[in-house]
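Grab a coffee and work through these exercises with the model open beside you. Each task comes with a step-by-step solution.

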Amino acid sequence: MSGFFDRLNDVSSPRIGLGCMNLSHGYGQHVPETEALRVLEEAFDMGYRHFDTATLYGGTANERLLGLALKTKRRQLFLASKCGMALDAETGKRVIDGRPNTLRRQCEESLARLKTDHLDIYYLHRLDRNVPIQESVGALGRLVDEGKIGAVGLSEISAETLRKGNAEYSVAAVQSEYSLWTRNPEIALKQACAELDIALVAFSPLGRGFLTGSVQENTLWASGDMRAGMPRFSKENLPHNLSLLADFNAHAARLGMSSAQLALAWLKARGRHIVPIPGTCSVAHLRENLLAETIVLDDATVTQLNGMMLPEQVAGARYNDSQQGDIDTEEFPIERH
């Protein structure tokens, strides 16, 4: 396996990592700093070693938070962050900028916020369509050569873009949304990662809460919760999608595990190179998710799960038009129900 896994092994990291976005960004919830620090401390104490953040999250607040929480534990961690997408300080809007000078500047700023002299991996958060991927990857490669980052990563990109970038400088990992109800990586990216010995880091492996049963028809979205603008969670599509959960939940109950644990175990079974990074603000859910580390599903169970929540059965796109314009991933045709 790739050097990505060598670095995870160096810190005795479980296969399951921690996506830290939820603590500062994305779902409209405000987690007081003292509580967020406690969550991160508990995560470390229970065994998490792979922590994933980004310049974008909370307008740099998430990186600052991790810097406070983990600075004394740095040598015991695998620390990942992302560049190339940030919030404009004046407008609050996302700005995608993959120019080499921008990536270098953002790296220096990330290192300062995270209170470290290097990152284990630094991802290009989104492809800048105005900058050839080779230029962005080349810039990240130079940061590897200088010892500022341990490896190059890419996020929400297609197999074709991955191959172009990897030809410029070795890519260690790709982040993509991947779960039982979001299988876009299976179009081409998953196979390309396996072929090129690149880790596939699965973000939102619990379907942004959908697969855990925490989303209901009457769920009221908090202000700023990105799911309110995602077609799959709309009042038109959500009832149909919730109907797909019954068999999955029943299967988890029969196996004596939570739906979240079954979802994570299924992802692990999809390939040795797949690394789920569920996010949560709950210590109880941290523990629940990490217990999936020890679950190994038999082939019959995996086959049954493979037939659930297929792309043609799920109603609605995973992103709205604005969000979709920012990504480069392969997409399934959208079914109308």
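Before we start, a definition: two strands pair if DSSP finds at least two bridges between them. Helices (H or I, at least four residues) and strands (E, at least two) are DSSP runs, numbered from the N terminus. This is a predicted model, where local features need pLDDT of at least 70 and side-chain atom pairs count only at pLDDT 80 or more, while totals for chains, interfaces and linings use all residues. Residues are numbered from 1 along each chain as its sequence is written, and side-chain values use heavy atoms, with hydrogens and water left out.

**Exercise 1. Work out the strand order of the open sheet, and find which strands are at its edges.**

Step 1: Recall that strands of a sheet pair through backbone hydrogen bonds, either parallel or antiparallel.

Step 2: Trace the sheet: 8 strands line up as S1-S2-S3-S6-S7-S8-S9-S10, with parallel pairing.

Step 3: Look for strands that pair on one side only; these edge strands are S1 (18-19) and S10 (274-277).

Step 4: Check the S10 end. Strand S9 (residues 199-203) runs parallel to S10 and is joined to it by 4 bridges, with Phe203 opposite Ile277 in S10.

**Exercise 2. Describe how strand S3 (residues 78-83) is packed and which strands it pairs with.**

Step 1: Set the cut-offs. Buried means under 20% relative accessible area, exposed over 50%, and partly exposed in between (1.4 Å probe, protein chains only).

Step 2: Apply them to S3. Since 6 of the 6 residues are buried, S3 is largely enclosed by the rest of the structure.

Step 3: Sort the side chains. Phe78, Ala80 and Lys82 point one way, and Leu79, Ser81 and Cys83 point the other way.

Step 4: Go to one partner, strand S2 (residues 50-52), which runs parallel to S3 and is joined to it by 3 bridges. Here Phe51 sits opposite Leu79.

Step 5: Follow the chain between them: S2, helix H3 (residues 61-70) and S3 make a right-handed β-α-β unit. Right-handed means that, with the strands pointing away from the viewer, the path from the first strand over the helix to the second runs clockwise.

Step 6: Now take S6, which pairs with S3 in the parallel sense over 4 bridges. Ser81 stands opposite Tyr122 in S6.

**Exercise 3. Follow the chain from S6 through S7 to S8, and give the handedness of each crossover.**

Step 1: Start with S6 (residues 121-124) and S7, a parallel pair with 3 bridges. Tyr123 is opposite Gly153 in S7.

Step 2: Trace the connection. The chain goes from S6 through helix H5 (residues 133-145) to S7, a right-handed β-α-β crossover.

Step 3: Inspect S7 (residues 152-155) itself: Val152 and Leu154 point one way, Gly153 and Ser155 the other, and all are buried.

Step 4: Move on to S8 (residues 171-177), which pairs with S7 in the parallel sense over 4 bridges. The bridge partner of Ser155 in S8 is Gln175.

Step 5: Trace the next connection, from S7 through helix H6 (residues 159-168) to S8; this β-α-β crossover is right-handed.

Step 6: Stop at the loop between S7 and H6, where you'll find Glu156. Its phi is near 50°, a positive value in a residue other than glycine. Glu156 is buried, with a relative accessible area of 0%.

**Exercise 4. Characterise the lining of the second largest pocket: which elements contribute, and which residue classes are there?**

Step 1: Pin down the term. On a 1 Å grid over the protein atoms alone, a cavity is a set of points where a 1.4 Å probe fits but cannot get out; a pocket is an open set with protein on both sides within 12 Å along at least five of seven lines, and lining residues have an atom within 4 Å of a point.

Step 2: Read off the lining, which includes Thr55, Asp88, Arg105 and Glu109.

Step 3: Assign elements. Strand S4 (85-87) and helix H4 (100-113) each supply at least two lining residues, and H4 gives the most, with 5 residues.

Step 4: Sort by class. Ala, Val, Leu, Ile, Met, Phe, Trp, Tyr, Cys and Pro count as nonpolar, Asp, Glu, Lys and Arg as charged, and the others, Gly among them, as polar. The tally for the lining is 3 nonpolar, 4 polar and 5 charged residues.
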